[in-house]
Amino acid sequence: MCGIVGFSGKNNASEILINSLKKLEYRGYDSAGIAVFEGGNIRIEKSKGRLADLEAKLSTVGEPNGTCGIGHTRWATHGEPSDVNSHPHSTARIAIVHNGIIENYKVLKEFLIEQGRSFQSETDTEVIVQMLDHYYTGNPISAIVQTLRELTGSFALGILFADFPDTIFAIRRESPLIVGVGENASYIASDVPAILQYTKDYYLLEHNEIAVLSPYGTSIYDMHYKKLDKELKTADFDMEAAEKQGFAHFMLKEIHEQPTAVKTTITPCIENGLPNFEGMDFSKYKKLFIVACGTAYYAGVVGKYVIEKLAKIPVDVDIASEFRYREPLVGADDLVIIISQSGETADSLASLRLAKKLGACTLAIINVKGSSIAREADLLLYTHAGPEIAVASTKAYIVQISVMYLLAFQLALVNDKITENECTEYVKLLQTTPEIIEKMLENKEAVQYVSSSLVNTESLFYIGRGLDYALSLEGSLKLKEISYIHSESYGAGELKHGPISLITRDMPVVAIATQTMLFDKTISNIKEVRARGAKVIIVCKEKTEIDADVADYVLYIPDLQNDLLNPMLTVIPLQLLAYYTSVLKGNDVDQPRNLAKSVTVE
Ligand code: F6R
């Protein structure tokens, strides 16, 4: 959700904080602010709106002049986006930035008001800074530990105490936080890309660990003041991966990175032409659960179709926010697969913990190395999409489904549902997809042209059957989140059970029809909407004959000669359709309204 940064060193802190926050704007962009030690005092500048608004303000009032400070970019939870609700929040002696949610803030606020304290903002964060101030008698660590004991919820905090110039105190519980290590410089950040321009070396802060940063180095303590000896990690990607590299938007760049992302993800999981999951034994599970949120959940839906079809093992696929509260019937014979790009999604993390508590084995499929879900799962498979900056997920989805395929092949093989030869053929086919996607991306104009027909649309449907239905879910989400056009996805056969009453001339339908077995059925459903005036865009395999009276526009995907793997290709025109529609509408493609990349609150 929110992004926090901090710098203590010998250089211009304001500049470093702003540069680092630019890399975290994907986490929230309702307001931004910094607090910097200037002449021994803490000076705070903050502003509603994007980082650019803060920069504009700083160019008028002058940026704080100092070498140590903290910064924040906000995704509003408690209190509307406004100057007063922006971080940093402060008292006369302390300033903080916060990512996360304090669940018991109301009780704490009442207590603090009884103590004679008053509040300026509607945020939960202000409770933390007031509580720190309440306990502070000259020893910051002692005040932090006492405050931590009072807080329930998730948080990562950067804290400045006016009595300790040039020092940052940082702690985390649940919400992510890393501590960067440079030459005569220390950093904190919610995510590695924020500090990559300055250093690749960092510590991963664990729950309830307290970091003390100064230009001379960083010390990390546990809650009992015991100094910890932590492993220094080095980021395995560089600044280039976190830059646009000439593309108009991160989303377009990430769409183009998909062939490489798929190759890099599947290659380590293939040996001698067969899936190889290094010692993981998938033969013993009676039932699988796939649990995730949003796009990652839709990758799970593809997984369900493919695993059930090939391996004949029942698969439940759940939205994590439902799974965690629906008392799922999960047990020791089950494998619970959590899919997450960030590895920090609150509901997915809670689902993982629940599954472990219920005795199931858990497998995490995660993109961000060292993230919370990656660290807590029993089994771990990393996807290698690299940093995904655009809020709308593209390359993370395709690598997730590529892993779903490999898992399905492996499960089918170990359960004797396919032969080794058949398995090799499937793997080979999957390996051909990156090159095919590369070629598809040379031909984006066709999709751009179709997008122009959607710009003035207020509402539309995505429909499909089987795997095409799974893809229609993702296509519809992608379009709505960045174009702001209302869009729903339905199994094509479901339309006549209600939704068809919405079909008019003004309701376009994107119909996905790449599955030969279900093609005629989908065409019948398309005819039903055509008869009611709908404009139809079909996504189908090349050389499919589509009568002129069936569709207004046709988007073709190459024919893989095996429909099972079509989703690897079908997703490309769907992503591009969403992308171009958003561009044509003049929207902020990479940072769509109200959204944040990493949803670390419920
Ligand atoms: C949509 C999108 C979100 C995420 C969802 C889960 O484009 O990105 O729906 O897929 O918030 O996030 P992760 O995968 O980080 O758990």
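Good morning. I shall begin with helix 8, where 13 of the 18 residues are buried, so this helix is largely enclosed by the rest of the structure. Please keep in mind throughout that we are looking at a predicted model.

Helix 8 covers residues 294–311. From its first C-alpha to its last, helix 8 reaches 25 Å, close to the 26 Å expected for its 18 residues at 1.5 Å a residue. Just after helix 8 comes K312, which takes a positive phi of about 60°.

Helix 8 also leads us to the ligand. Together with helix 15, residues 467–483, helix 8 belongs to the elements that each supply at least two residues of the shell around the ligand.

How many residues surround the ligand, and which are the closest? There are 14 of them, and the closest are S340, Q341, S342, T345 and E481. By character, the shell divides into 5 nonpolar, 7 polar and 2 charged residues. From which domains does the shell draw at least three residues each? They are domain 2, which runs over 244–441, and domain 3, which runs over 443–588.

Let me now turn to individual contacts with the ligand. The side chain of S342 has an N or O atom 2.7 Å from an oxygen atom of the ligand. For T345, a polar side-chain atom lies 2.4 Å from a ligand oxygen. With S393 the backbone takes part: one of its polar backbone atoms is 2.8 Å from an oxygen atom of the ligand. As for cover, the ligand on its own has 410 Å² of accessible area, and the protein covers 90% of it.

From S342 we can move to helix 12. The C-alpha of S342 is 9.4 Å from that of A396, although the two residues are 54 apart in sequence. A396 has its place in helix 12, residues 395–414. Is A396 buried or exposed? It is buried, because its relative accessible area is 1%, and the cut-off for buried is under 20%. The helix as a whole is mostly covered, with 19 of its 20 residues buried. End to end, C-alpha to C-alpha, helix 12 reaches 29 Å, close to the expected 28 Å. Just after helix 12, D416 takes a positive phi of about 55°.

I shall now consider some positions in loops. A242 is found in the loop between strand 14, residues 233–234, and helix 6, residues 250–256. With a relative accessibility of 2%, A242 counts as buried. Its C-alpha is 8.6 Å from that of G386, a residue 144 positions away in sequence.

Two further loop residues have a positive phi without being glycine. One is N208, with a phi of about 65°. N208 lies in the loop between strand 11, residues 201–204, and strand 12, residues 210–214. The other is K543, with a phi of about 70°. K543 sits in the loop between strand 25, residues 536–541, and strand 26, residues 553–557. How do these two stand in terms of exposure? N208 counts as partly exposed, at 23% relative accessibility. K543, in turn, is exposed, with a relative accessible area of 77%.

Another loop contains a cis peptide bond. Which residues does this bond join? It joins H87 and P88, and omega is about -5°. P88 is in the loop between strand 4, residues 68–74, and strand 5, residues 89–90.

My last position is I141, in helix 5, which spans residues 140–150. I141 is buried, since its relative accessible area is 12%. The C-alpha atoms of I141 and P215 are separated by 18 Å, and the two residues are 74 apart along the chain.

To close, let me return to the main picture in this predicted model. The ligand is surrounded by 14 residues, with at least three drawn from each of domains 2 and 3. Helix 8, one of the helices that supply at least two shell residues, is largely enclosed by the rest of the structure, because 13 of its 18 residues are buried. Helix 12, which holds A396, is also mostly covered. Thank you for your attention.

Note on methods: Residues are numbered from 1 along each chain as its sequence is written. This is a predicted model: local features need pLDDT of at least 70, side-chain atom pairs count only at pLDDT 80 or more; totals for chains, interfaces and linings use all residues. Side-chain values use heavy atoms; hydrogens and water are left out. A residue is near a molecule or strand if one of its heavy atoms lies within 4 Å of it. A polar contact is a pair of N or O atoms within 3.5 Å; within protein, one must be able to donate a hydrogen and the other to accept it, and residues adjacent in sequence count only if both atoms are side-chain atoms. Accessible areas come from the Shrake-Rupley method with a 1.4 Å probe; for residues, only the protein chains shown count as cover. Helices (H or I, at least four residues) and strands (E, at least two) are DSSP runs, numbered from the N terminus. Ala, Val, Leu, Ile, Met, Phe, Trp, Tyr, Cys and Pro count as nonpolar, Asp, Glu, Lys and Arg as charged, and the others, Gly among them, as polar. Domain bounds come from an automatic or database domain assignment. The expected span of a helix is 1.5 Å times one less than its number of residues. Buried means under 20% relative accessible area, exposed over 50%, partly exposed in between (1.4 Å probe, protein chains only).
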